[in-house]
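Open the model in your viewer and keep the sequence panel in sight. The tour goes stop by stop, with something to select at each.

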Amino acid sequence: MREARGSERRRRDVRHSRRRWVRTGLPVVLVLGLLGAGVGAYRYDWGPRYLPGLAADPVTEPEQVLPPAGLDLPEWSEPAPVAAPVDTAGTVDPSRVAAALRADLADPDLGPHVVGAVSSLTPGSATWTSPDGTYVPASTTKLLTLGAALATLGPDHRFTTTVVRGDRPREVVLVGGGDPLLASQPLTVAEQGTAYPERADVSTLAVATAEALGGSGRVRVRYDDTLFTGPSDNPAWRRDYVPDDVVSPITALMVDGGREDDGDTRADDPSLAAARAFADALAAAGLTVAGTPEPATAAPGAEELASVQGAPLADVVERVLDVSDNEAAEVLGHQVGLAVSGTGSFEAGAAGVVSTLQDLGIDLSGDTVLDGSGLSRRNRVTTSSMLALLQLAAGPGHDDLRSLVTGMPVAGWSGSLTYRFDDGPAVARGLVRAKTGTLTGVHALAGVVVGRDGLPMVFVLGADRVAAEDGYLAQDALDRAAGRLATCRCSA
């Protein structure tokens, strides 16, 4: 028994010794091992060699990656240019332009009245132009409207929609600021990664208003759209455009471009529709909305409860050009009228566009502009005035107009040109940027193109007496003509 107890005691002593070793000796060995590994990693570059997970990532941390030992790197120097700079001061040879365009502009599908003009980016330089340079511009009119808006308001300008206190307790007034892209709802998570540009919306505005009012209680909604005056339906448009939902009535308080039912129809009263969307959002935010929204005029100096701002004007311009947004272009035309004369209407807007562009040195004496979108068939524009605007926007010295060029659809790639230019020179896809113009019997293109010799050019092409059944064929003919400029060695 004593021997058994002795053997058990020795086994306990061995176990106790092992525990003491784990508690005291092992940490010491680990510390020494770590120190040794650190020295070895530093001295012999073990980390990058044997522990790639601990090495600097050459993609995300290139500055942390050390060169191999013994390698002498040369001093940093500026790389040589990969291509010669484009000569934007070059000029076109009108005879070469004429030769490039002759066949396509003679296409009988274009009808009996075809106009065209091509020049370099240098104002006053040599220009090829057709004998009659006046045409129905259709949506290329938007270039004039947007150019005037950028020149008058500036590319960083933002439009503000506000909510102020009404004349009675617990009464709020939604005040339209003429934001052309004001939305009813915020972008969804999926849309936030793809939609451009950013949008202000009345739902976000309602949440901020509810917070300002304490988050509960009754409230009455009024709306003020008096920033714009005059008719909401342009007298220069066809009488069926608004009733047949071709275009929305234009007011200073519109959401979703005046569209309802997921864009399938247009509201008869866009201001009321916007106020209803705001009232619904107030209710969703916890307030009890009494009655239905009614029109009102906000009192001067009324207390502001909340506000939202839209995207910078330069971004709005790019959007309008990309999708040829008629309502947004008309709202911006009204804004030009406000900035120039203090009146936001169709008439004041058109007059403001003309005077603003004339102040930039563009001769519009031969032009008739009656709206901001180009829906009016009574508009008349000269190719020379359109070329002059494009030269200012694309050339040096007018960065404030640059979004006129950056917002243009790209042939075969984006916007209203996504599914065009499938005929003619393939090189044109990507080298032609242009604003389209389309009405029944009217087709136009105005934009910029880079020729085969690297010369950037501005161009205007139009046909305004096209047979209705030849519309798509006429578009193809204009696309081919613009494409020929991309293949042309047209420099003088």
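Are tryptophan 237 and phenylalanine 346 buried or exposed? Select both: tryptophan 237 is buried, and phenylalanine 346 is buried too. Buried means under 20% relative accessible area, exposed means over 50%, and partly exposed lies in between, with a 1.4 Å probe and protein chains only.

**Before going on**

This is a predicted model, in which local features need pLDDT of at least 70, side-chain atom pairs count only at pLDDT 80 or more, and totals for chains, interfaces and linings use all residues. Residues are numbered from 1 along each chain as its sequence is written, and side-chain values use heavy atoms, with hydrogens and water left out.

Colour by pLDDT, the predictor's confidence in each residue, from 0 to 100. The chain average is 89, and 86% of the residues score at least 70. Now select residues 1-5: pLDDT is below 50 there, and the stretch has 0 contacts in the model beyond near neighbours in sequence. Contact means heavy atoms within 4.5 Å. Residues 26-32 also stay under 50, with 4 contacts beyond four places in sequence. Where pLDDT is low, the predicted coordinates should not be read in detail.

**The aromatic pair**

Return to tryptophan 237 and phenylalanine 346. Their rings form an edge-to-face pair, 5.3 Å centre to centre with 70° between the planes. Rings of Phe, Tyr and Trp (its six-membered ring) pair if their centres lie within 6.5 Å; planes under 30 degrees apart count as stacked, over 60 as edge-to-face, and the rest as tilted. By this rule the count is 1 aromatic pair. The two residues are 109 apart along the chain: tryptophan 237 sits in the loop between S6 and strand S7 (259-260), phenylalanine 346 in helix H10 (residues 346-359). Helices (H or I, at least four residues) and strands (E, at least two) are DSSP runs, numbered from the N terminus.

Stay in the loop between S6 and S7 and pick aspartate 245. Its phi is positive, about 65°, although it is not a glycine. At 27% relative accessibility, aspartate 245 is partly exposed.

**Strand S5 and its partners**

Select residues 171-175, strand S5: 5 of its 5 residues are buried. Glu171, Val173 and Val175 point one way, Val172 and Leu174 the other. In a regular strand the side chains alternate between the two faces of the sheet.

Add strand S4 (residues 160-165). S4 and S5 run antiparallel, joined by 4 bridges; two strands pair if DSSP finds at least two bridges between them. Arginine 165 has valine 172 as its bridge partner in S5. The two strands form a hairpin with 5 residues between them, and arginine 170 in the turn has a positive phi of about 60°.

Glycine 166 lies in that loop. Glycine 166 is buried, at 18% relative accessible area. Beyond its neighbours within four places in sequence, glycine 166 contacts Glu171, Val172 and Val173. Measure to alanine 298, 132 residues apart along the chain: the C-alpha atoms are separated by 6.7 Å.

Now show strand S6 (residues 218-224). S5 and S6 are parallel, over 5 bridges. Glutamate 171 stands opposite arginine 220 in S6.

**The open sheet**

Which order do the 5 strands of the open sheet follow? Trace S2-S1-S15-S14-S13, with antiparallel pairing. Strand S2 (127-129) and strand S13 (432-439) each have a single partner strand, so one side of each is left without a neighbour in the sheet.

Zoom in on strand S1 (residues 114-120), which pairs with S2 over 3 bridges. There, alanine 117 is the bridge partner of threonine 129.

**Helix H8 and the cores**

Select helix H8 (residues 313-323). Its buried residues include Leu313, Val316, Val317 and Val320. The buried residues of H8 pack against helix H4 (141-153), helix H9 (326-341), helix H12 (403-406) and S13. Serine 324 follows H8, with a positive phi near 55°. Serine 324 is buried, at 17% relative accessibility.

Finish with leucine 357. Among its contacts, not counting residues up to four places away in sequence, are Leu144, Ile362 and Leu389.
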